[in-house]
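Here is a short tour of a few features worth a look in your viewer. Have the model open as you read along.

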Amino acid sequence: IRISPLFETINDLTHIEDVLVALLDNPNYRQLLAVSGNVQEIMPGYSDSAKDGGSLASAWNLYEAQKKIIRITDERKIGCRLFHGRGGTIGRGGGPTHESILSQPQGTVHGQIKFTEQGEVLYYKYSNTETAAYELTMGVTGLMKASIGLIRPVHQDKPEYLAVMDALTRLGETSFRELTDHTPGFMDYFYEATPVNEIGLMNIGSRPSHRKKDRSKSSVRAIPWVFGWAQSRHTLPAWYGLGTALATWRGQDPQRTALLKTMYREWPFFHSLLSNTQMALFKADLRIAREYADLCQDADTRERVYGLVRDEYQRTLAQVLDVAGASRLIEDDPVLALSLARRNPYLDPLNHIQIA
């Protein structure tokens, strides 16, 4: 029996070292591991960590957790296969496969990597031979590049980059939790201004939409959480908190601004983070989200929550474009920008029908 420990929430990820050391230093478990190839598969989960603390805290804690995993398994001379529990959407760890693999910590990909592919993206990626071959080719080439550490030393992350991410993560997680955990009426807004209840009634999931029957963030599962915000064109799980983090950390300091721009150019992790954020911002439409907000029954709750989301959207948009040196979203990928823009004439009427 092969056991794959799963670390999902921010709290799980911060305890990854204690749990793995206890597991891998257990003599009975080590015997079990030895007869099954001496390779430990470990699964970092993206969806629940993003729902718990926001996409910024999720991405950074997962990045740091992978380095801890490889250090712990290397010290014990145990092979390790990282199994990434990613979803299709940005708010659940999704994004372009090639870039996602290259954005893993240097030296943590050892010739193999494992991903979950969600039902909602299987058709999109593998529905015909050309797209399937392209997707698999991009995955394999990303894997080969990311595995360069097997044949030569890799460059370690710059300490100043790590320090910046630590600071940004603290600020971003605080902002995200302030909205989702401490804003009065926030969960009422979520249930009334998004189609999450209707999503739960559809017989399309492998699990129920909720763990308990109450209006709490811990009860709703990650998939309906992200789908509800996506269908109502808020897309906030993929970007909320990043704008506040960037604006607060750099302030009016030109040196800090220059450092962020250098990180975007030189560090695949940070580049991927901001690129995925741009895609999520592009898919949002705060005018349509405003119409969904009107479904919220309490006027004070509606104005308070929507106002916070609108202000953070504008802040994140301005900050991300400035750091990326872009004048508009997804400027460096015109094919993707055109593809997303072409969806809107079809999506917008569907949104209005759904609101009605």
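## Two helices that cross

In this predicted model, helix H14 (residues 254–266) packs against helix H17 (residues 299–324) at an angle of about 70 degrees, and their axes are 8 Å apart. H14 is therefore roughly perpendicular to H17, since angles of 65 to 115 degrees count as such.

On the H14 side, the contact is made by Thr257, Leu260, Lys261 and Tyr264, which meet Asp322, Val323 and Ala324 of H17. By type, the residues of this contact are four nonpolar, one polar and two charged.

## The second largest pocket

Next, let us turn to a pocket. The second largest one holds about 380 Å³ of space. Its lining consists of 21 residues, and Gln106, His155, Glu266, Trp267 and Pro268 lie nearest its centre.

Helix H6 (97–102), helix H8 (129–146) and helix H15 (268–283) are the elements that each give two or more residues to that lining. The lining of this pocket divides into 11 nonpolar, six polar and four charged residues.

## Helix H5 and what follows

Helix H5 (residues 55–75) offers a friendly check on geometry. With 21 residues at 1.5 Å a residue, H5 should span 30 Å, and its end C-alpha atoms are 30 Å apart, so the two values agree.

After H5 comes lysine 77, which has a positive phi, near 55 degrees.

How values were computed: Residues are numbered from 1 along each chain as its sequence is written. This is a predicted model: local features need pLDDT of at least 70, side-chain atom pairs count only at pLDDT 80 or more; totals for chains, interfaces and linings use all residues. Side-chain values use heavy atoms; hydrogens and water are left out. Axes are lines fitted to C-alpha atoms, for helices over the stretch in contact, and angles run from 0 to 180 degrees between N-to-C directions. Helices (H or I, at least four residues) and strands (E, at least two) are DSSP runs, numbered from the N terminus. Angles under 35 degrees count as roughly parallel, over 145 as roughly antiparallel, 65 to 115 as roughly perpendicular and the rest as oblique. Contact means heavy atoms within 4.5 Å. Ala, Val, Leu, Ile, Met, Phe, Trp, Tyr, Cys and Pro count as nonpolar, Asp, Glu, Lys and Arg as charged, and the others, Gly among them, as polar. On a 1 Å grid over the protein atoms alone, a cavity is a set of points where a 1.4 Å probe fits but cannot get out, and a pocket is an open set with protein on both sides within 12 Å along at least five of seven lines; lining residues have an atom within 4 Å of a point. Grid points are joined across faces, edges and corners, and a volume is the space filled by probe spheres set on the points. The expected span of a helix is 1.5 Å times one less than its number of residues.
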